[in-house]
Structures are given as structure tokens and as C-alpha cells.
Amino acid sequence: MSNIGSYEERIKNFDWLIAEKELGYKAGDIINIGWHCSDRICQMGKGQKMALMWEGHNGQTRQYTYNDLRLTSNTIGQFLRNIGIVAEDRVCLFMDKVPELYIGLLGVLKIGAIAQPLFSAFGDESLFVRLENAGTRAIITQKKHAPKVRKILDKLPNLEYIIIVDHDGKKTLAGNEFAMDLDNMEWVDDFEIYPTKAESPSILHYTSGTTGLPKGVKHVHYSLISQYLTSKWVLDLQDDDIYWCTADPGWVTGTSYGIIGAFCTGSTQCVLDAGFSAENWYNFIQKYKITMWYSAPTAIRSLMKAGDEIVKQFDLSSLRHLASVGEPLNAEAVVWSERVYGKAFYDTYWQTETGSIMIANYPGMKVKPGSMGKPFPGIIGGIVDTETYEEIKDINKPGLIAFRPGWPAMMRMYWNNEETYKKKFQNGWYLPGDRATLDSDGYFWFIGRDDDVINTGGHLVSPFEVESALLEHPSVAESAVVAKPDEVNMEVVKAFVTLKPGNEPSDELELDIMNFIRKKLSPLAMPQEIEYMDKLPKTRSGKIMRRLLRAQEWGEDIGDTSTLEND
Amino acid sequence: MENMKDIVLKYVIQEYCEDDSEEITYDTPLISGGIVDSFSMVSLKRFLEVKYKIQIPDDEATPEAFDNVNSIVALVEKFINK
């Protein structure tokens, strides 16, 4: 029996108080996500239940019960307090998917500081932009990533503390660097949780837009309410589940559902800190008897590419419920998973700014392969006109996805950017920036982004950010970046460049530029193809007409070219 | 003159290894070991194509084929000899 039961019944009688009551919270109480994810589960008598079973790429393993989670997050919280971190200070977590990342986030929240998880593959430029914007005070990282931090330290006057979780003593730490070896510290039992309230800031995620720098998305402790209930009703996490969320906590899925959703429901979760390999992933599912698997379309398509035969080598019979996130899940993938795993992947739709799942397919509800599903109970969703923002009632007519504001996990602000925040709300609707249609059964069908942001492997990349970085390459004069279709990643970054005088197009230069961007920004932002041009298409006013380049990549009509600069 | 395995190994260490204390050998799992992610694999493929003047078809550029220096060299030799 699924937690949600009947979707139709749930939407009739819905109130967010359902989640508040289950969490033992009422308006005005202290609410702290770190406490709810550890101490509260212990108080419910589940202190000895396994919380986190971690495996690294060398096969090493580490395990933590909920009581271990409580003690270790206290310990990290106390460590941060001891060095001077106070409530609302931003503490960045910049690590691979190691236990210190999962536990560290809870520790930061327990002292009322603001957790800023960042993808560990970010290059120093990407890291700098996000730390500077947030005014980050401390960063918890690993020795392998510390050089990137040291490289930008001089430009970050607010960054006072670099905390290294796996310092091995081989290098002398600088004055502002601290070693924090969790498994060799005395764990703190008695700890005073900071009395955060519903609107106290909790997490600062970074997301990319079409123009401008990445935006800091501010969330609050009350987001727990919808993160908890969606984990129960969409992911259907039950007491005896063994859960695997493949997302990296440097991104919102890995935080909302890889940390908060997993732990606040008292679930047992497994984490694999290794690169993708179909064999290793299936072996992981078999070994830990994973029952609930939350993954992404890029990974699913990679598994499809690995073929059906390899699946037969493993016992995946433990799998009970599968869900997907990050980009629209194509119908073919849904049908394939049902055939090969005996279970369809249930698509879910949401974004960094929404903090929790907004539209989904639910256990017990008919799945239409290729559809995003229906709004979560309590979420009012619709399609609005792209110019008037009036609701479109016509079936199957394209428009912008829109939600009535006010769900618990809705972002409260873009950090230091109220102007951009306000633009997300039009005519009483919150606009995620995606286009879709609604069918006669109330199912949403994704069409595409309403802007130029590139969604590659489920992660958003800003063309502006990549173009700006390209201009820093000594050979590049001008650049334009668009999405190029890709069978596995849905989209990848493609760059069009003109070269400075004295530079000639070559394969070697293409590789050099690719590696330049990969190290400066991230592997996601790296153009997977660079096309040299004599000149970029521009309007008469000099604006690069990115849409022409994009249309050519997608085989679409290039549209009106009347404003195109003549030769 | 450096052999191909050493050239590839040196390039991988230079371009993708952040942790200089980690020993990388011809057998070290690069993709499944998280040293080279699937996006970075594209730049490694490009390096091989430029260095050895070959074209590696996309359907041959699998995580398995790129998982260690030995398998990468086997893949390159397949296309050099074509």
C-alpha cells in the first residue's frame, strides 16, 4: 500500500498541516532541519537504525546509524562554533559524495548557519563566483579540492576558514586552514541546537540563468514540510525501504532528497561515490538490495545504452519504486525500464527555486510515458500565456508552466538580487521558465525552456557564463554558446567562436579551449564541440543572434532574419 | 620515445587528477573510479583523436572503453590500424 493512497482523495482534502503534524511541528515552534534529520529520528526510537551506508570507488565502506548521524552532526556543529561560525554565516560544502558532505550539511544547519553545497567538479572560477556572491565565511572541503580554494583565496576577503576533512599531515596547513577528521574526533553528545524558526534561512543553492552570474537561491527551514511530504508521497519512502538517490548533494536534488528527504523520513539510504558504470550500478543495487531508486534521465539513457543483457547478470528484484528528475524523461526510457526492470521510472518535475517536487507521477496513478504527471497535492499548477500570463484553459495549447506561490519549499529570495527574484512572479503566478501543455486528463507535457539556459545531463548551464569564460581564452575574439542535441545528455554545450588575429583554427586549439573551460568552470560547461566562424550572426545593433545558431543545431526554422546584420 | 600507454597516462594525470597523492597506473579505473567524469571523457576522446589523428565513433567511446589506460590504448590501436 503506497503512502499517498489515492491521489484524487488527497487533493480533495489537502492541507500542509498533514506534514506538520507528522513532523510534530506547529506554527511558531522551533524547526531545524538538522535536528529533524537526526535527533528527532532517535527520539522516535530509531537511533540504532541504519541511516547512511556509503561506498567509495575503491570499495571502501562506512556506515552510520541515526544515533551516529546525531553525534557526528553535533560534532561538526560544535567544531564550527568553536572556530567562530555563527547563525546565518554561509558555510560552503565542497566535497565529493563522502559522508562528511551528508553529515556536514546537518551540522551546519544545527548551528543556524546557512549551508551552501557546491558541486565538487566546479573549477576555481565557478567556485569563486559563487563564494563571492554569498560572502561565504567557511568552506568544508577535501585535500584534493583545497588547491582550487587556495587559488582564489586572495580574492575572497570574507572566506576566513578552510576546513579539510581528510588532511593526512603531508602538507602543512596554512593559518586559516583546519583539519577536521570526523572518525578520529570525540563525538559530541550533548549539543544545543540553534533555535531556528520556519523562516530562518537554511540552504543557499546556486543555479544558472541565461544572462548574468549564477543566482543564490535562498531556502528556509520550513522547506522541510514539503520535502518531507513529497518524499513520502512521491518517492513513497517507507520504513523498510533501502533508498538510493544518485544525485550529488552539490545540486538541489542531492540535498532536498539525497539528504533532507532521506533522513527526515527516517529512511536507510545508500550512497555510491564513484563514476558511472552500468555494471557497478547494478552491482550496487544487488548488493544493498535497493528498493527505492531516484535517478536522472541521463543516467537512465546511459543504462539503456549499456543494453538489456547486462541487466540479466544481476538480481534487481529488490527494486520496488523508481523515480526520475532533472530533465523530462522521454517515453522510450519509461517503456524500457518497465520492460527491463519490471518497473517504470516515474518522472518528477521541480527545480532549485521550488525546493521540492511540484509535478509528478504517483504510485497508483496511471503513468503516461513522456508526461511529467500532475501537480503535487497542495500545489496549484497551470499553463499561462507567455505574454499576458493569463491562464490558458485550452487543452494541449502551449504556454508557460505556472504555480500559485506559497508552498513550503518555495525559495524566499535570490541572494542579493531582489530585482531578479520579483521577475519570477507575474500576475499572481510563480514561473519556473519552462513551457508545457496540459492534456484533458490534467497531465503536463514538457516542451522546453523558455530561455536559452542549457540543460545538460539534468544540470543547468548558463550560455552567458560559458561565453564570458571563452572570451578569457587568449585566442578567442568572440563567442556564442548554444545547446546541441545529445542522445544521452539531452543537450550539450556547443560554442561558436571567432579568433583573434594571428590565431588559426585547428583541432589542437579546439582541445585547448575545451580544457580551458572545463578547468575554469566545470566539465558540464565544457563545450563538447567548438565551431570556428569568420563572424558570428549579429543584429544591426551588434547583438549576437544566438537563436539562429541554436535553430541550425536543432534543424529548426531560423525564423525572422530581417534584423540580421548584412555582410 | 614514449610509448602510447605512458603518453596517455601522463595526459590523464596532468589534466584530470586533482589529488597528487593518488597513484594512477595503467589499470586504475578512471571513469568508474570518478577520476574522469562522463563529460570530461569527451575532452579525453578529443585528445586521443587529435594526438593520433583518428576518429573514434561515438558508439565506441563508452565508459567501459575509457575506464583505464590499458583499455584506452586498445581502443586507439584499433583505429590507428584501420
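Strands β22(A) and β23(A) form a hairpin with 5 residues between them, and G442(A) in the turn has a positive phi of about 85 degrees. Strands here are DSSP runs (E, at least two residues), and helices are likewise DSSP runs (H or I, at least four), numbered from the N terminus. The model is predicted: local features need pLDDT of at least 70 and side-chain atom pairs count only at pLDDT 80 or more, whereas totals for chains, interfaces and linings use all residues. Residues are numbered from 1 along each chain as its sequence is written, and chains are lettered from A and ligands numbered from 1 in the order in which they are written.

Within the hairpin, β22(A) (residues 434-438) and β23(A) (residues 444-449) run antiparallel and are joined by 5 bridges, with D434(A) opposite R449(A). Strand β18(A) (residues 399-403) also pairs with β22(A) in the antiparallel sense, over 2 bridges (pairing requires at least two DSSP bridges); here G399(A) stands opposite A436(A).

Chain A is assigned domain 1 (7-436) and domain 2 (454-554), the bounds coming from an automatic or database domain assignment. The contact between them takes 22 residues from domain 1 and 20 from domain 2, two residues being in contact if their C-beta atoms, placed from the backbone, lie within 7 Å. On the domain 1 side, α7(A) (124-134) and α12(A) (297-306) each supply at least two residues, and α12(A) gives the most, with 5 residues.

The centres of the two domains, taken over C-alpha atoms, are separated by 30 Å.
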